[in-house]
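Hi everyone, thanks for making time for this one. I'd like to walk you through two topics today, a ligand and an interface, so please have the viewer open.

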Amino acid sequence: MSLPILKFDAVVVGGGGAGLRAALQLSEAGVKTVVLSKVFPTRSHTAAAQGGISASFGNSEEDNWHWHMYDTVKGADWLGDQDSIEFMCKQATEAVAELEHYGMPFDRLENGKIYQRPFGGHMAEFGKKPVRRACAVADRTGHAMLHALYQRNVKAQTHFFVEWMALDLIRDKDGDVVGVTALEMETGQVYIIHAKAVLFATGGSGRIYQASTNAFINTGDGVGMALRAGLPVEDIEFWQFHPTGLYGAGVLITEGVRGEGGYLLNANGERFMERYAPTAKDLASRDVVSRAMQVEINEGRGCGAGKDHVLLKLDHLGAEVIDQRLPGIREISIQFLGIDPVKQPIPVVPTCHYMMGGIPTNYRGEVIDGVDEKIVKGFYAAGECACASVHGANRLGTNSLLDLVVFGKSAGNSVIEYVKTMDEPKELPENAAEFTLARLAKLEAATSGEKLADVRRDMQVCMQQHASVFRTQKVLDEGVANILDVYKRAQNLYIDDKSKVFNTARVEALEFLNTIEVAVATMVAARERTESRGAHAREDYPDRNDEKWMKHTLYYSNGNRLEYKEVHTKPLSVDYIPPAKRVY
Amino acid sequence: MAKKMKFSIYRYNPDTDTKPYYQDYEVELGEHDKKLLNALVKLKEELDDSVSFRRSCREGVCGSDAMNINGRNGLACLTDLDSLKEPVVLNPIPGLPVIRDLIVDMTQFFHQYHSIKPYVIDEQPMPENERLQSPEDRKELDGVIECILCACCSTSCPSFWWNPDKFLGPAALLHAYRFLADSRDQATNERLNDLNDPYRLFRCHTIMNCVDVCPKHLNPTKAIGKIKEMMVSRMV
Ligand SMILES: Cc1cc2nc3c(=O)[nH]c(=O)nc-3n(C[C@H](O)[C@H](O)[C@H](O)COP(=O)(O)OP(=O)(O)OC[C@H]3O[C@@H](n4cnc5c(N)ncnc54)[C@H](O)[C@@H]3O)c2cc1C
Ligand code: SF4
Ligand code: SF4
Ligand code: FES
């Protein structure tokens, strides 16, 4: 069967922060671009980001990008690539100023400059004392940023295909990427989008876990598509558990609460972070705080009837500060738990939040394959789906929004250069859509088998139990066996609804087939890493092992194969920051 | 203890149905199913995967799941099941073409939003760092920038139902005000000229439905009033 073919110079898959920043670069350069998004762009999950975006403006006290770089390297537990990290931290003020120029309504200081708040792991003088580096719009920074970027794209007349879902990458015989297949949800029609360059900005995949701060649509599509196309995913065993997910609901309570002076209490009313991180206390890195919370809970000092959470106290900040700086938090807490934080502390638990790993790229946003980092021509990635490796083993809060705009722009610039080198897209391979159509046909034909809701839930339970805050060999070995079993069952998926128009059951099934790829990759990669680094905490291997493990994991889905490659130790202009013990 | 709840849902699939109808469901709720969206997700997972609605963030920040709930527009993810009378009657938000079930075609709504030039216009060369803005000037934007473009307001506005192509509707007008109110924007005059039209702005008859339903507690009527004030003060 032949499909309709649409031709562009560049196709951006994803209309979140990274996709919109990239699209803007392309539109303003006059590159014929289309942005595909499963949802109207402002509905992307970037809208949920609360706390801030980092840039060392030093608006409140001295700061500079060298300190920001040091914090990021340390936060990443030395698994980040230092060339990418330097690139991002150095560009930060320019990138955030651009957002202001686009109209992003930052909160302001009396002198008219952007308001900045303290955040976990943000320190002055190479780790000495907390510094205010997180640029904020109350506790709705992501929403304000996403809307400003969308608005600027309206101005630049960017072309969108809204509620289109990319299904598979198309690679030609040289392995170059020449387009994607995509489903137009409203009609059910599948298209081939033929392009000189494809840029993925499909966001995270937090929905592999049962409890997550992520939206329903964060299903790891980009990673799933890349894996199916024979490309690797990097460092996927590293998942950030945010210390303060709302107990029972999973909704995020920003670290900005602690930035503004809130702190955590155990059942004894003790401010326990003082024991775990004497200097930074509640503003230590996220992995550190989440582990401390889990230890408190495991040792019986959790709160509530089930002793299964801790409390986040902020009433001492007063109603005025809370309403001005944290109004969204107050709303969420009342909405979902009926608790007004002006009067009572908020029950919180460590909750899956962010995927540090992703499609491997260099700092130019070019996708790279293998140990020798061969460039995959025509393929680019940015944002949470990518791994330029700035976050390494643990991301610092506010560094993701920064990553979106810095690498969105950088990847956009790389695409601009690349599309200039050719008049027409490289030819489509014969049967470019065969793979996609076969997958769809199988799903259409299945009238019995595994029910989507069942397999999806089993995947989430498995991840929650076997790849959580603390891990051991035994738990991971079982986890691999379990998740491979779920994977097998996922191949027999069926849905009842077979209709064409806006079939959300089909969309969910196709999403799940991506999510399960990410889940398997996570478990397999985690099982092999016999050390503790950043968010990957092994009870049986409690220490970081630089000699053996200061290297990136590359996972390929074919045969669940793992390879390992060097961490980049050459920054662009400054000296290498050598590994040290991570104390906060 | 498991609790059951009754729903009556507007169904229409252009593939198979010649006209819309209501279908009744009884959904068994789990202990964490607090919001209407939880119940809908469960319904789709366990009873009928063909029931169609949009959703994403499940926390009231993306604007996907606006629907008409027992006669009133709201977000499923922020609506407490406890607050609802049974059977819970769910309709698509009114006034826009239905694509399928609770999913409407939002083209007209976004068209109006796009038409107010929803971006800061300031053609001067930009400084290296941020432009300055005083906290007081910035405060003017509170109560406006929180809009999530859910369309609860515009699709409960009678003036928008009658003239969705000509009247901007409360959401787009709220945004029109957002840019007029931004001290960084340099296009006040052009913006006011564009709004000075018997339909675009002046079809608002202050019926206040919009204020009533906004899930973010915003007040489009107040914004509309402020635009009208700006027009008047420009004339004198
Ligand atoms: C609750 C929460 C709060 C956060 N707070 C902060 C913060 O304060 N600071 C910070 O720095 N970071 C924060 N983060 C992290 C940060 O917000 C995310 O990492 C970031 O927004 C991801 O942006 P993105 O552009 O990569 O993806 P998203 O914004 O998730 O966008 C993904 C896009 O891809 C599209 N898409 C996906 N798959 C397909 C497909 N198959 N076909 C077509 N389109 C597709 C989607 O429609 C969407 O438009 C937070 C995260 C969460 C969950
Ligand atoms: S106040 Fe104006 S905009 Fe709001 S519902 Fe009434 S007519 Fe519509
Ligand atoms: S003003 Fe309120 S109801 Fe209207 S679109 Fe915005 S958030 Fe929704
Ligand atoms: S699902 Fe996002 S607003 Fe309700």
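Let's begin with the ligand. α11 of chain A provides the largest share of the shell around ligand 1, namely four residues. Before I go further, please keep in mind that this is a predicted model.

So who else is around the ligand? There are 39 residues around ligand 1, and the ones that come nearest are A:Ser44, A:Thr46, A:Glu384, A:Ser400 and A:Leu401. If you sort the shell by residue character, you get 20 polar, 15 nonpolar and four charged residues.

Now zoom in on some oxygen atoms of the ligand. A:Thr46, which I just listed, places a polar side-chain atom 2.5 Å from an oxygen atom of ligand 1. A:Ser37 also uses its side chain, with a polar atom 2.8 Å from a ligand oxygen. With A:Ala18 it is the backbone: an N or O atom there lies 3.0 Å from an oxygen atom of ligand 1.

How much of ligand 1 does the protein bury? On its own the ligand exposes 1,000 Å², and 98% of that is buried by the protein. Helices and strands both give two or more residues to this shell: on the helix side α1 (17-28), α5 (221-228) and α11 (399-420), and on the strand side β2 (33-37), β7 (164-171) and β14 (346-355), all of chain A.

Okay, let's zoom out to the two chains. On the chain A side 65 residues are in contact with chain B, and they meet 62 residues there. Together the chains bury about 5,200 Å², with 51% of it on carbon and sulfur atoms. In chain A, the residues losing the most area to chain B are A:Arg43, A:His101 and A:Phe216, which together make up 14% of what that side buries.

What about the polar side of the interface? Ten salt bridges turn up across it. One to click on is A:Lys155 with B:Glu123, where the closest N and O atoms are 3.6 Å apart. There are also 38 residue pairs in polar contact between chain A and chain B.

Which elements carry the chain A side? Those giving two or more residues are α3 (82-101), α4 (141-155), α10 (327-337), α13 (452-466) and α15 (504-528). Of these, α4 of chain A gives the most, with six residues. By character, the chain A side divides into 26 nonpolar, 21 polar and 18 charged residues.

That's my tour; happy to rotate the view for anyone.

Note on methods:
Residues are numbered from 1 along each chain as its sequence is written. Chains are lettered from A and ligands numbered from 1 in the order in which they are written. This is a predicted model: local features need pLDDT of at least 70, side-chain atom pairs count only at pLDDT 80 or more; totals for chains, interfaces and linings use all residues. Side-chain values use heavy atoms; hydrogens and water are left out. Contact means heavy atoms within 4.5 Å. Buried area is the accessible area (1.4 Å probe) that two parts lose on being put together, summed over both. A salt bridge is a side-chain nitrogen of Lys or Arg within 4 Å of a carboxyl oxygen of Asp or Glu. A polar contact is a pair of N or O atoms within 3.5 Å; within protein, one must be able to donate a hydrogen and the other to accept it, and residues adjacent in sequence count only if both atoms are side-chain atoms. Ala, Val, Leu, Ile, Met, Phe, Trp, Tyr, Cys and Pro count as nonpolar, Asp, Glu, Lys and Arg as charged, and the others, Gly among them, as polar. A residue is near a molecule or strand if one of its heavy atoms lies within 4 Å of it. Accessible areas come from the Shrake-Rupley method with a 1.4 Å probe; for residues, only the protein chains shown count as cover.
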